[in-house]
Amino acid sequence: MEFLSHSPAETEALGARLAAALRPGDIVAFLGGLGAGKTAFVRGIASQLAPDAEVSSPTFALVNEYSGRLTIQHFDMYRITTMDDLYSTGFFDYLESGCLLAVEWSENIAGALPENTLFVRIRSLGGDGRAITFEGKEAARIEAALL
């Protein structure tokens, strides 16, 4: 199933709707190019789970933490190119933390993601338009929650 967004605000709103279906320990991995709306989607999730958070891309920090009803660990894997790089982020420790993991540029660590990862693919349609699809074992559960 494909969800369409016509603006960053709509992308955030879809993220906010998704938040209701997320559980401790879930992993949400984002796929999409530069400027696709990955951070906007995470901002929407955080608006429901950690409403006081100031969400920004963790490009230089590699991981930002947002505390609230559910703690979110927000990763940016753009600069991760080796397993040593990935280990240096502490990513594997976070997998056992019970936090929600939101992983931008997840294609860079595809082999390290567990099989229960929910993938959110965001594709530009030109301008502010986006096509958003959910993939993986959790996709059917998430799509049902969003309808």
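# Cavity, pocket and helix H5 in a predicted model

Colleague: How many cavities of 30 Å³ or more does the structure hold?
Modeller: The model is predicted. At a cut-off of 30 Å³ or more, the number of cavities in the structure is 1.

Colleague: What volume does the largest cavity have, and how does its lining divide by class?
Modeller: Leu22, Asp26, Ile27, Asn116, Leu118, Glu138, Arg141 and Ile142 form the lining. By class, these lining residues are 4 nonpolar, 1 polar and 3 charged. The volume of the largest cavity is about 40 Å³.

Colleague: Is Ile142 buried or exposed?
Modeller: Ile142 sits in helix H5 and helps line the largest cavity. Buried means under 20% relative accessible area. Ile142 has 0% relative accessibility, so the residue counts as buried.

Colleague: Which residues does Ile142 touch, leaving out those up to four places away in sequence?
Modeller: Contact here means heavy atoms within 4.5 Å. Two of the cavity-lining residues, Leu22 and Leu118, line the cavity along with Ile142. With those sequence neighbours left out, Ile142 touches Leu18, Ala21, Leu22, Leu118 and Phe134.

Colleague: How far apart in space are Ile142 and Ala53?
Modeller: In sequence, 89 residues separate Ile142 and Ala53. From C-alpha to C-alpha, the distance in space is 23 Å.

Colleague: Why do the buried residues of H5 line one face of the helix?
Modeller: H5 covers residues 139-146, and its buried residues are Ala139, Ile142, Glu143 and Leu146. Seen down the helix axis, they line one face because they fall within an arc of 100°.

Colleague: What do the buried residues of H5 pack against, and which exposed residues does the face turned away carry?
Modeller: The packing partners are E1, helix H1 (8-19), strand E6 (118-126) and E7. On the face of H5 turned away from the buried side, the exposed residues are Ala140 and Ala144.

Colleague: Which residue in E7 stands opposite Ser5?
Modeller: Strand E1 spans residues 2-5, with Phe3 and Ser5 on its covered face and Glu2 and Leu4 on its uncovered one. E1 and strand E7 (residues 129-135) run antiparallel, joined by 4 bridges. Opposite Ser5 in E7 stands Arg130.

Colleague: Which helix gives the most to the lining of the largest pocket?
Modeller: The largest pocket holds about 160 Å³ of space. Its 13 lining residues include Leu34, Lys38, Ser57, Glu104 and Trp105, which lie nearest the centre. By class, the lining has 5 nonpolar, 5 polar and 3 charged residues. With 3 residues, the element that gives the most is helix H2 (residues 38-49).

Notes
Residues numbered from 1 in each chain as written. Predicted model: local features only at pLDDT ≥ 70, side-chain atom pairs only at ≥ 80, totals over all residues. Heavy atoms only, no water. Buried < 20%, exposed > 50% of the residue type's maximum accessible area, 1.4 Å probe, protein only. Helix = DSSP H or I, 4+ residues; strand = E, 2+ residues; numbered from the N terminus. Pairing = 2+ DSSP bridges. Arc of directions from axis to C-beta. 1 Å grid on protein atoms, 1.4 Å probe; cavity = no way out; pocket = protein on both sides within 12 Å on 5 of 7 lines; lining within 4 Å. Points joined across faces, edges and corners; volume = space filled by probe spheres on them. Nonpolar A, V, L, I, M, F, W, Y, C, P; charged D, E, K, R; others polar.
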